[in-house]
Amino acid sequence: MSSRLGLHCRALASCRLCGHSDSVVPIVSRARRPKAMLVGQAPGKVEAAGGKPFAGRAGKTLFRWFERAGIDEETARDRIYIAAVTRCYPGPSPSGRGDRVPSPAEQEACAVWLDGELQIVRPALLIPVGRLAITRFLPNAPLDQLIGKAHDVDHVGGHSMVIPLPHPSGASSWIHEGDHPRLLDQALVLIGRELERLGIGRGPRARSVA
């Protein structure tokens, strides 16, 4: 798998399908022996500057969550392939809050890369993060009906257990509402158990949930 994935990543790094400026280039995962995949929405400004996925404030939150699931950031980056619905920084939102949501045309142009990764990695565990990524694999339902549960999903690369997470961005208020913190805890317990089963985690450290 490593040679196929390496070739794929080199091709992805040279992609210019969306016609962004020369300074905007795809962000590529550094994992080369993954057993799981994480799919985000799109890189942010910090990621665009440093070339590493989930390197900004949202990434710090995400990796704190992973610590609760029993896997440190270094191991997660090495053993979890970090993909996204689109791979280039889309620019700031016109509203001035957060980043612009990638257009349908950008999502369609980038879909070939995610499909290729699913076929190469064939992940036993798939973790979509945020609404855009979640709806790539699961029904367009309220997040509180999806988060905190494991879903069996067939996709172009085969079959995966899908455990979604809310977006860790400070721009998202979902995590602070109602019983949503409990649903996040439940999702992290499920992720931790699956990572431990795959031999790439220590087991969940999230609070025990019913």
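Glu73 and Arg77 form a salt bridge through their side chains, with 3.0 Å from N to O. This is a predicted model. The two residues sit 4 residues apart in helix α4, so about one helical turn separates them. Glu73 is partly exposed, with a relative accessible area of 34%, whereas Arg77 is buried, at 13%.

A pair in helix α7 has a similar layout. Glu194 and Arg197 are 3 residues apart there, about one turn of the helix. Their salt bridge brings the closest N and O atoms to 2.6 Å. Glu194 counts as buried at 8% relative accessibility, while Arg197 counts as exposed at 55%.

Which parts of the chain does the pair of Asp72 and Arg202 link? Asp72 forms a salt bridge with Arg202, and their closest N and O atoms are 4.0 Å apart. This pair links distant parts of the chain: Asp72 belongs to the loop between α3 (57–69) and α4 (73–79), and Arg202 to the segment after α7 (180–197), with the two positions 130 residues apart. Asp72 is partly exposed, with a relative accessible area of 25%, and Arg202 is also partly exposed, with 40%. Both residues belong to a network of salt bridges that includes Glu67.

The table lists these three pairs with their N to O distances.

| Acidic residue | Basic residue | N to O distance |
|---|---|---|
| Glu73 | Arg77 | 3.0 Å |
| Glu194 | Arg197 | 2.6 Å |
| Asp72 | Arg202 | 4.0 Å |

In total, the count for the model comes to 10 salt bridges.

Technical notes. Residues numbered from 1 in each chain as written. Predicted model: local features only at pLDDT ≥ 70, side-chain atom pairs only at ≥ 80, totals over all residues. Heavy atoms only, no water. Buried < 20%, exposed > 50% of the residue type's maximum accessible area, 1.4 Å probe, protein only.
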